[in-house]
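Work through the exercises below with the model open. Try each task before reading its solution.

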Amino acid sequence: AEVIQDVGFDGLWFDGSTFANHNTWPAFQPACACEFCRERFRRDTGLELPDRIDFSSRSFRVWANWRYDVLMGVWKTVADAVLAVRPDAVVGFNNYRRRSGSQNAWNTAIPLRRLGWDVMMSGELDGFPTQADFQMKMHRAYGCRRGVESWWPLCDHWHVWTPDVDGTTAVQAMVAAMAAGGTACTGIGADPRLVAEPLAAMQAAGARLLPFRDGEPLDYAAIWCSQQTQDFLQSDNPEGAFDQMHGANELCLQAHVPSAVVFDDDVASGGLARYPVLLAANAACVSRGQAEALRGYVADGGVLVACAGAGAFDEWGQPHA
């Protein structure tokens, strides 16, 4: 609030917002275990705070969801504090949800849920610039009201395989982001004169799409990106869950089918009516409430596409009876 009110900046950009930065190895304690946290967890859930990372423990799984709730409350308080002193300021969360590694897992506490905050939701593409459209769809699903955006490094020396001279990939990133209702930007770690050509190509490609960027998407296929499946069934391999999400998006792109992303809470609340098709893929963890909502969706004419172990487990990753 002081930065915005007293120093005069137009907004705050939280770079690398993992919402929590928890390195699970070699530590065995899942998070803070002070008496305050123990008491709050006990008060909120009736359970004792888990003392180790153990996905076979219901207490640990309840804690994982509880921590999402607590940390989302913290970040929303941050955004509200800024907007209280200057309503036109922009708060941006560069949320670091990436395709590879533990960045996608429970331990960063980056949620897959509708937020509805008055902020801009952003992310990073790293070595996947051609998948900017999927990242924008995911960011739009958060329901934040200041737009969506993605960043990627335009250089060849940060161990990410992005070119620094050929403009083709840069243009693909820009076009993919804008076609999905977002904006692409880049950072450079070299002399800007060395990348003048791809930067100019990005700007030219973006300029042609600007008149259409704020239009409403065509609603057809919804891709179910399930946090409960990612966390509680594939916690040891979060890339597997992300591969399924990206695969569904690639299927839609190749078939020229407009698509959007929905989260667990969208399915549970029955917020699927606008989509003629739902691609559930291997949404293995499905609650009874979600199952009822899916039955209603199909009964009303929706087409549900699922595969493998879809619905075999409940929302905690336990087999359905």
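Two exercises follow, one on nonpolar cores and one on a sheet.

This is a predicted model: local features need pLDDT of at least 70, side-chain atom pairs count only at pLDDT 80 or more, and totals for chains, interfaces and linings use all residues. Residues are numbered from 1 along each chain as its sequence is written, and side-chain values use heavy atoms, leaving out hydrogens and water.

**Exercise 1.** Find which residues touch the most other members of the largest nonpolar core, and which helix gives the most to this core.

*Solution.*
- Step 1. Fix the terms. A nonpolar core is a set of buried Ala, Val, Leu, Ile, Met, Phe, Trp, Tyr and Cys residues joined through side-chain atoms within 4.5 Å. Buried means under 20% relative accessible area (1.4 Å probe, protein chains only).
- Step 2. Rank the members. The largest core has 45 residues; Trp-63, Trp-117, Met-138, Tyr-142, Cys-225, Met-245 and Phe-263 touch the most other members.
- Step 3. Assign elements, taken as DSSP runs (helices H or I, at least four residues; strands E, at least two) numbered from the N terminus. Suppliers of at least two residues each include H3 (58-85), H8 (238-254) and S8 (277-281). H3 gives the most, eleven residues.

**Exercise 2.** State the strand order of the open four-stranded sheet, and find its edges.

*Solution.*
- Step 1. Strands pair if DSSP finds at least two bridges between them. The order is S7-S6-S8-S9, with parallel pairing.
- Step 2. S7 (259-262) and S9 (303-306) each have a single partner strand, so one side of each lacks a neighbour in the sheet.
- Step 3. Check the S6-S8 pair: three bridges, parallel. Ala-222 stands opposite Leu-278 in S8.

Note on methods. Buried < 20%, exposed > 50% of the residue type's maximum accessible area, 1.4 Å probe, protein only.
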